[in-house]
Structure formats: structure tokens, C-alpha cells
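Thanks for sharing this one with me. Here are my notes, set out point by point, to read alongside the entry shown below.

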Amino acid sequence: LADGALWGMLFANVGVDFSRGNASNWSAPGLVRSKIGTVRKSYHFSGNAKDYVAEFNLPTKEGSTTKLWMDYEEYRHMLKFKEECEMYYWYGQKTYDADGSNRMLDENGQPVISGPGLFEQIINKDTYSSLTQKKIEDVIGDLFYGMTDATDKQVTLYTGIGGAREFDKAMKNYYGDTSNRYLQTTESKFITGSGRSLGITGYFTSYDHVDGHRVNVVKVPLFDHGPVAQASTKHPDTGLPLESYRMTFVDQSSYDGENNLQMINKKGREMLRWAVAGSVVPKGFAESDTRASDIDGASVHMLKTAGILLRRFDTSLDLQCVAS
């Protein structure tokens with residue numbers, strides 16, 4: 001028995017006669033608890049704001065245009081609310097301790113509950129400066145080695161514009177390597193047209209690993225234009241935010257018949273939207289002579305109690321770019 005020796009259980013041979021039964025090793029699944037939080041957003045407007053007219057056309061949620069300023073503002077507030085919810089799903093940080101006690105209270109002494117976002121739930125972290133096919137192969141091979149019990153194996157690479165470019169460049173560099181002769185082809189994969197009218201096309205958006213996992217690239221605009229991206233350090237070559245180069249490999253396979261990545265909503269509070277009518281009733285709500293406020297105006301409120309859940313948090317990876 002040497003220090004540091006590794007032991008593995010193989011099988012148990014027994015005697016020919018009069019053998020006794022031996023003990024068996026076993027394990028059972030564990031339960032991980034999490035919490036979900038509530039995101040709210042409100043906006044107020046004066047009684048005659050609904051009649052303000054702009055001198056130019058503004059987009060609306062229906063895909064058309066309008067010159068009414070209030071229609072445009074309502075559209076922007078809804079988009080902003082959706083963006084804030086998505087920010088919470090990605091970047092949220094829990095406000096409670098290991099025993100479930102909340103560290104954050106509001107002005108009424110009530111706990112402000114915030115569940116962990118996807119980044120906080122992923123325990124595997126790594127960095128890169130310039131992506132290569134070898135890095136992708138090694139990372140995915142090591143990361144998903146323990147996915148033997150997964151069904152419908154799916155791995156999604158969420159990233160920004162910079163990460164999508166880096167992924168494509170890594171694949172093309174590998175494809176163009178003269179030592180990989182088995183990858184060479186005489187067919188035109190990246191050039192279109194003929195003569196003096198040629199074009200370049202063809203970009204890698206997926207990767208099939210030798211272990212049987214397929215990685216699909218999905219671009220997330222939040223990584224490019226969100227608040228974190230705006231405050232992010234710039235990439236030295238492209239000037240894009242380093243957050244745009246962030247690559248999040250998310251295991252979206254199924255385990256025990258359930259999806260590994262789930263959206264959790266509190267029943268009856270999946271999405272609430274209501275108005276407090278004053279001198280006017282906000283657009284989209286029923287007209288009534290009864291008012292809830294004597295203010296010359298109105299307000300609209302949105303609320304959502306939800307959270308993102310990663311059931312198996314050791315088979316995903318948060319890969320961040322540190323190029324300088």
C-alpha cells in the first residue's frame with residue numbers, strides 16, 4: 001500500500017463452497033434547492049402624454065410605425081422589462097446564505113429574494129485568449145465525460161458576435177491546416193459565384209465531438225449590447241467588448257426524463273401587467289368611469305416571479321476571454 005495509490009472496485013471472487021454474501025457499494029441522488037426572485041418595472045405618464053405626436057415615424061411592437069410618442073414608449077418599456085428579466089436569468093446573484101437566510105431587505109423589512117443566475121450556477125470556469133479547435137475538443141471532452149446517463153445529448157454554446165467569430169476562425173484554421181489532409185476537399189464550400197462575380201460565404205456554427213456531443217452556437221445580443229457588455233474591457237484587436245467573446249457551454253441534455261435547463265415560474269405570477277388609472281386609462285386596458293387615482297395621469301406595472309434552473313451544474317462551462 002503506497003502513499004497516493006489509486007484503487008478501483010472491479011469484482012469480488014469468492015470461494016468454491018460455503019461462501020458468504022458481501023457488502024455492495026451504492027449511491028443515491030441528492031436534492032439541490034434554489035430560489036426564484038421577483039422582477040418589477042413600472043412607468044408613469046401624464047394625462048395628455050398619450051396625445052403627444054412626433055415629427056417622425058416610430059416603431060411599435062406590431063412591426064408597424066406610429067407618430068404617437070406614447071405607443072413607442074410603451075413598446076420600449078416592455079422591451080426593457082424583458083431585457084432586465086434576461087439579465088437576471090444570466091447574471092443574477094443569490095441574496096441568501098447556505099441556510100436560506102436573506103441578507104437583503106427592502107424598506108419594509110421584507111426579504112428581497114434573488115436566485116442565482118446561470119453564470120453563478122455553473123461551477124466550471126475557464127479562460128482563453130485565442131480559441132483553437134484543440135481547446136474546444138479538450139474542454140468538451142473533459143467537461144462532458146460524466147454525461148454517460150444523459151439522453152438526447154445537446155450542448156449549446158451561448159456567445160456574442162465576438163465569440164461566434166472566434167469559433168468560426170478556430171474551425172477554419174483547423175480546416176485549412178495542411179497536416180489535416182483528410183479534411184481537404186475539392187468542392188467549393190466557401191466561395192460562391194464565378195468569373196468576376198465571386199463571394200465568400202460559409203461559417204461554422206456547430207461542432208460534432210468524437211465523444212458523441214454536438215455543440216450548436218447561438219448568439220445572445222445581451223453579450224454584445226447589454227449593461228455588462230457596455231462596461232466591459234474592449235478586445236485589443238476588434239474593439240468589441242470582451243463580454244462579447246464570452247462562451248457559455250450549457251448542457252441542455254435530458255436526465256431522468258427532465259430537461260437539464262429549465263425555466264421556473266411561480267404559478268399565477270408568470271407575467272402580470274396591470275394599470276392604475278387616473279385621469280386617463282392606459283392603452284390596452286378596458287375603459288371605465290371608475291378610477292383608482294385622482295392623479296392627472298396613469299401608471300402601468302409589470303411583475304414576473306421566475307428563475308433559471310440548471311439541474312446538473314457540473315456539466316456546463318463558463319469560458320471567458322482574457323485577451324489583452
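1. Let me start with the sheet, bearing in mind that this is a predicted model. Six strands make up an open sheet in the order 4-16-10-5-9-8, and their pairing is mixed. At the edges you will find strand 4 (124-128) and strand 8 (206-208), each of which pairs on one side only. From one strand to the next, the twist averages 20 degrees.

2. Do have a look at the edge formed by strand 8. Strand 8 and strand 9 (residues 214-219) run antiparallel and are joined by 3 bridges. If you want a pair of residues to display there, Y207 stands opposite V215 in strand 9.

3. Two helices deserve a view together with these strands. Helix 4 (residues 161-175) packs on the sheet, where it touches strand 4, strand 5 (155-159), strand 8, strand 9 and strand 10. The direction of helix 4 makes about 140 degrees with that of strand 9. Helix 3 (residues 133-143), for its part, lies across strand 4, strand 8, strand 9, strand 10 (247-251) and strand 16 (317-321). Relative to strand 4, helix 3 runs at about 170 degrees.

4. How many disulfides does the model hold? The count comes to 0, taking a disulfide as a pair of cysteine sulfur atoms within 2.5 Å. Two cysteines may still interest you. C85 has a relative accessible area of 5%, so it is buried. C321 has 7% relative accessibility and therefore counts as buried too, since the cut-off for that label is under 20%.

5. Next, a backbone point to check in your viewer: which residue in the segment before strand 1 (37-46) has a positive phi without being a glycine? This is F18, with a phi of about 55 degrees, and its place is in that segment before strand 1. Is the residue buried or exposed? With a relative accessible area of 85%, F18 is exposed, because exposed means over 50%.

6. D256 belongs in the same part of the note. Its phi is near 55 degrees, a positive value in a residue other than glycine. D256 sits in the loop between strand 11 (254-255) and strand 12 (258-259). At 74% relative accessibility, D256 counts as exposed, so it lies over the 50% cut-off.

Note on methods
Residues numbered from 1 in each chain as written. Predicted model: local features only at pLDDT ≥ 70, side-chain atom pairs only at ≥ 80, totals over all residues. Heavy atoms only, no water. Pairing = 2+ DSSP bridges. Helix = DSSP H or I, 4+ residues; strand = E, 2+ residues; numbered from the N terminus. Axes fitted to C-alpha atoms, helices over the stretch in contact; angles between N-to-C directions. Contact = heavy atoms within 4.5 Å. Buried < 20%, exposed > 50% of the residue type's maximum accessible area, 1.4 Å probe, protein only.
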